[in-house]
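Here's a quick walk through one chain, going from the overall picture down to a single helix and its cysteine. Have the structure open as you read.

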Amino acid sequence: MTSVSSGLRLSALMFAIGAAGVLIRRNLLVVLMCLELMLNGANLAFAAFARSRGDSWGHLGVLVGLAIAGAEAAVGLGIILACHRHANTVDADRFDQLRG
């Protein structure tokens with residue numbers, strides 16, 4: 001059996017790796033994957049707390065978080081494709097101005 005503290009440690013590690021990736025990387029695809037890693041870290045924390053309390057509301061929160069992650073991935077990939085078509089790159093430093 002795993003304890004709540006080990007689940008929260010793993011959740012914090014996943015979130016920290018994702019946050020570092022968002023701050024360090026410049027490729028928009030990698031940034032999107034790091035955002036997904038951060039969201040999955042938060043979902044793991046929800047699941048750990050739900051398991052410790054024996055409550056199903058935390059599991060419902062995880063399902064909502066997964067639905068949000070799917071929608072975020074779809075919208076994010078659409079934005080990345082539009083940026084690639086416009087500037088022929090996915091480097092985040094190239095998009096300093098929003099022009100049509």
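Take the contacts in the protein chain between residues at least 6 apart in sequence: 56% of them join residues at least 24 apart. This is a predicted model, and its chain has three helices and zero strands, so the order from the N terminus on is simply α-α-α.

Some whole-chain numbers:

| Property of the protein chain | Value |
|---|---|
| Radius of gyration | 17 Å |
| C-alpha spans along the principal axes | about 50 × 25 × 20 Å |
| Buried share of the 100 residues | 25% |
| Exposed area | about 7000 Å² |

For comparison, a compact globule of 100 residues would come in near 13 Å for the radius of gyration. Carbon and sulfur atoms supply 68% of the exposed area.

Now zoom in on helix α2, residues 28-53. At 1.5 Å a residue, its 26 residues should span 38 Å, and the end C-alpha atoms are indeed 38 Å apart. At the start of α2, a side-chain oxygen of asparagine 27 comes to within 3.1 Å of the backbone nitrogen of leucine 29. Just after the helix, glycine 54 takes a positive phi of about 70°.

What do the buried residues of α2 pack against? They sit against α1 (4-24) and α3 (57-87). Among them are Leu28, Val31, Leu32, Met38 and Ala45.

Cys34 is on that buried list too, with a relative accessible area of 11%. As for disulfides, a search of the whole structure finds zero. Cysteine 34 has its nearest cysteine sulfur in cysteine 83, 17 Å away, which is too far for a bond.

Conventions
Residues numbered from 1 in each chain as written. Predicted model: local features only at pLDDT ≥ 70, side-chain atom pairs only at ≥ 80, totals over all residues. Heavy atoms only, no water. Helix = DSSP H or I, 4+ residues; strand = E, 2+ residues; numbered from the N terminus. Expected span 1.5 Å × (residues − 1). Buried < 20%, exposed > 50% of the residue type's maximum accessible area, 1.4 Å probe, protein only. Contact = heavy atoms within 4.5 Å. Polar contact = N/O pair within 3.5 Å; in protein donor to acceptor, adjacent residues only side chain to side chain. Disulfide = S-S within 2.5 Å. Rg over C-alpha atoms; globule rule 2.2 N^0.38 Å. Areas by Shrake-Rupley, 256 points an atom, 1.4 Å probe, with all protein chains shown as cover.
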